[in-house]
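Here are a few exercises to work through with the structure open beside you. Take them in order, and try each task before reading its solution.

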Amino acid sequence: MAMILFDEERKVFRLDAGNSSYAFYITPSGRLRHLYWGPSMDTTDLLDLGGGTLNVEPPFDPEENQNGRGSQLWEFGPNDLGTKAPASAIVRNADGNTATDPRYVSHRIIAGKPRLPGLPSTFLNSDDEAETLEITLVDQPTKVEFLLRYTAFRDLPVIARSAVVTNKGDAPVDLQKIMSLTTSFRHEDLDVIYFDGFWAKERQYHRERLQGGMRVLGADSGYSSHTMNSCVVLCDPKTTEEFGRAYGVLFVYSGKFAVEVEQAPLYRTTLNLGIHPVGFSWYLEPGESFQSPEALQAVSDNGLGALSRSWHDLIRQHIINPKWRTAKRPILCNNWEAMHFQFSKEKLMELGKTAKANGIEMLVLDDGWFGKRDNERCALGDWYANTEKIGGTMGELAEAVRSLGLKFGLWFEPEMVSGDSDLYRAHPDWAIQVPNRRSTYQRFQFMLDFSRKEVVDHVYETISAVIEEAKLDYMKWDANREMTEVGSLAFPPERQGEIAHRFILGVYDLYERITKRFPNMLIEGCSAGGGRFDAGILYYSPQIWTSDNSDAFDRLAIQYGTSFAYPCSTMGAHVARNWFPQRYSPVETRAAVAFSGTFGYELDLNQMPPEELAQVKGQCEFYHKHHHIVEQGDYYRLANPFEEKTVAWMHVTKDKSEFLLTVVFTRWDHAYEGQTLRLPGLDLNATYTDGEHTWTGKRLAHAGIEISHSSFRSDMFSIVIHGKRV
Ligand code: GLA
C-alpha cells in the first residue's frame, strides 16, 4: 500500500506512517502549508480542513489576503515575506538582504530511503519499510534550491525529514538558517514537555502550558544534551501516559540544535527543529550544497507511553547498528570511581579477579592510562600507553586481563587536547580557537579542530594503533568540555560560521572510520556523563553513559527523563557506591535501578562491604537471565519520580510472555501500607506467575497487583518482580 499520496487537483500530500497521517499542500503561489498531523485520515477529510484556502485559484492569492502573523500554518516558512512566523530557512543573498521565499517546483515519490552523506540517519532493513517524498522548492530571485525529504515509515508513526540546500545561482550566498523540520498546529491548547539539565542532573522532566510568544529549547554548548535534549513533546493538556494526543520530535544530531516553538495569536503554533541558527552560517559558492541533519517526528493518540515506545522501536530498528540490536552487552566493571588516576596493574588485576568471580564479563580501564596523565591537567591527545603505570605494554595488560576470562575496554577522549600535552606543543594550531582571543580552558583542555581532515586523520591513526595492539572489545568515547571561542585557523573568514557543524562532521567521520575498521568493538558514548545522549551518537554506539551521577534516587529521575525518547537498552547504568554521603540506597536498589539499562559496576568491588559483595553474583545472574526483557521489550512508565514518592516502571516482552516490574519506595512512611499498581501491556487472556503467586492478565491489568510494604525497611527500598506466562 502506498504510504505517500499526492492529490493532483488540490495539491495535497498525504503521508501515512504507521497508524498516523500527516498532510500539507501547495498553495496557488507555490508555498507549502501544513494541514494535518494525527491518527490516520482519509484524503476527503483532509481536503475539508483547508479552511477554504485549498481551492482558491490565482489570480486571487490567499497569501496576499491573510491577516499577518496569526493565521498561517507553515510547512516550510519563508523569511521576511508576508509572514513573521519563525522561518524555516534564511539565505543572505549577494545583495545583502535575507528575504527567502522557497516555492514549489516539482516533487517525486520513491521507494525506500536514501542515507545522508556524512551524517548519521535512520536506515531501513528493507526498501519496502518506507517511502520517501522529495520536494524541490526554489527561491526564484537567488535560484537557491531546497530539496525537502520526508520519509514515512510503514510500521511506525514516524516521519524522517531533512533538507538539501543548493546554490543554483551565479553568485555566492550565505545560508544562515536551515531547519530540518517545520510543522504547525491549529487552534490547539498545548503543553510542552522538555528535558533540560546539567552535569550529573541530565534530562530533567518539565511540563508546562505553552503560552504566547517564542521559546527556543536548545543547546549551544556544542553538545546535544547537558543543557537540553532535542526530545521535545507537545501534547494535549489532558494527555497522560496512557491517554491522549502527543506529538514528539527528535534530532539525529550531536551538536548545537534549536527547537523553536512559537504560539502566535489565533492559536497558530509553529515548531521548528534544526541546527541552532545562532552562530551558524554556511557559505555556498555557485553549485555548492548543504545537507541538513535528519529530524524525526512521531505522533501518538494513546498517550506519552505509546509515543516513547514508538521512539524506542525506531531507535532499535532503524538507528542502532543491527549488529548490536539483539547482541547481549557485556556486564562491565569500570575502574574510574574505584581508582580515578591512582591505579596500577596489580590493582586492576585484583579488581578483575573479583569481577570474574562474580559473573562480570569485562574490565574497563578508564582515564589515566596514556601519556603522563596522572591528573586531569595534562596529556589528552597523547594516545600512547604509559607503560610504567600499566606495568608493561597495553597489549600485555590486555592479555593479562583476558587471561582472567574477561573482555577488556579502554577510555578515550578523541576530540580533545590538553594544553600540557605533546600533541598541543607540536600543533597549537590544531585547537579550535578564535585569533586574538584567549581560549577558555575548560577542565584544562581544548577541543581539537575536527573541521580539519589532517587532525581527524592523526587521531584516527593514533587511537587505532592502541585499539589494534590491545584488541579492544570496548571503547568508552568521552567528550568533556563545551565548545567555546569557535573558530578554525584553516578556514577563511566567510566560513567561520561553519566550524561548529564541521566539527561534528569530523566526529562522525572518525566514528564511521573506527566502527568500519573495528566492527566487533562495542563503543559506549559519554560526555561528562550524559552530555551527548542523542540519536546521532546511537547510530555508532549502541549505548551511552547516562550520567556520572549513579545515586539511585537521582538516577530514577535521569533515567525517567531519558526514557521519553531513548530505549533502556541504550542507557549505561552501573551499581556504584552510595554517591552522596547524605543519601543511602541499599545495594539491591542500586542494582534494581541499573538493571533497566546496560548493566555494570562502577566501584571497587574489593572495597564493598562483604554483605554487599555477596549480592553481586546474584545480581549478575539476574541480569544475564532477564536482560532480553529490558533490551528488546516494551517499556511502561508507571509513576513519575518528579511527582510521586513511589516510582515504578515495567518492561514487557513483545510477545507478552514475560515482564519485569520494578518499584522503588523512595521515602519510608509509617502510615503507608503499600501500593496497588495496575500493569498495562500484558496479555489479558494469560495467567502469569512470579514463581510464588499466580495472577491472571485481567487481574493485573484491571485490579492491579498489591505491592506490600511490610518488608520495607528504609528509604529507597525496592522490589523487582519477574513474571512469566504460565
Ligand atoms: C568523565 C566521564 C567519567 C570518567 C571521567 C574520566 O567525567 O563522564 O565517567 O570517564 O570523565 O576523566
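A polar contact here is a pair of N or O atoms within 3.5 Å. Keep in mind that this is a predicted model.

**Exercise 1. Polar contacts of the ligand**

Task: Find out how far a polar side-chain atom of Arg443 lies from an oxygen atom of the ligand, then look at Asp478 and Asp366 in the same way.

Solution:
- Step 1. Start with Arg443: one of its polar side-chain atoms lies 2.9 Å from a ligand oxygen atom. With the cut-off at 3.5 Å, this pair at 2.9 Å is a polar contact.
- Step 2. Turn to Asp478, where a polar side-chain atom and an oxygen atom of the ligand are 3.0 Å apart.
- Step 3. Finish with Asp366: an N or O atom in its side chain is 2.6 Å from an oxygen atom of the ligand.
- Step 4. Now consider the cover: on its own the ligand has 310 Å² of accessible area, and the protein covers 96% of that.

**Exercise 2. The shell around the ligand**

Task: How many residues surround the ligand, and which are the closest? Then sort the shell by class.

Solution:
- Step 1. Count the residues with a heavy atom within 4 Å of the ligand; there are 13 of them.
- Step 2. Pick out the closest, which are Asp366, Asp367, Lys476, Gly529 and Asp548.
- Step 3. Sort the shell: 6 residues are charged, 5 are nonpolar and 2 are polar.

**Exercise 3. Three helix pairs**

Task: For H5 with H6, H8 with H9, and H6 with H8, what are the packing angle and the distance between axes?

Solution:
- Step 1. Locate H5 at residues 345–357 and H6 at residues 394–403; their axes are 10 Å apart and the angle is about 25°. Angles under 35 degrees count as roughly parallel, so H5 is roughly parallel to H6. Their crossing is right-handed.
- Step 2. Move to H8 (residues 453–470) and H9 (residues 499–517), which pack at about 30° with axes 11 Å apart. By that cut-off, H8 is therefore roughly parallel to H9, and H8 passes H9 in a right-handed crossing.
- Step 3. Take H6 and H8 last: the angle is about 40° and the axes lie 8 Å apart. That makes H6 oblique to H8, and the crossing of this pair is right-handed.

Note on methods. Residues numbered from 1 in each chain as written. Predicted model: local features only at pLDDT ≥ 70, side-chain atom pairs only at ≥ 80, totals over all residues. Heavy atoms only, no water. Polar contact = N/O pair within 3.5 Å; in protein donor to acceptor, adjacent residues only side chain to side chain. Areas by Shrake-Rupley, 256 points an atom, 1.4 Å probe, with all protein chains shown as cover. Nonpolar A, V, L, I, M, F, W, Y, C, P; charged D, E, K, R; others polar. Axes fitted to C-alpha atoms, helices over the stretch in contact; angles between N-to-C directions. Helix = DSSP H or I, 4+ residues; strand = E, 2+ residues; numbered from the N terminus. Parallel < 35°, antiparallel > 145°, perpendicular 65-115°, else oblique. Left-handed = near helix turned anticlockwise from the far one by under 90°.
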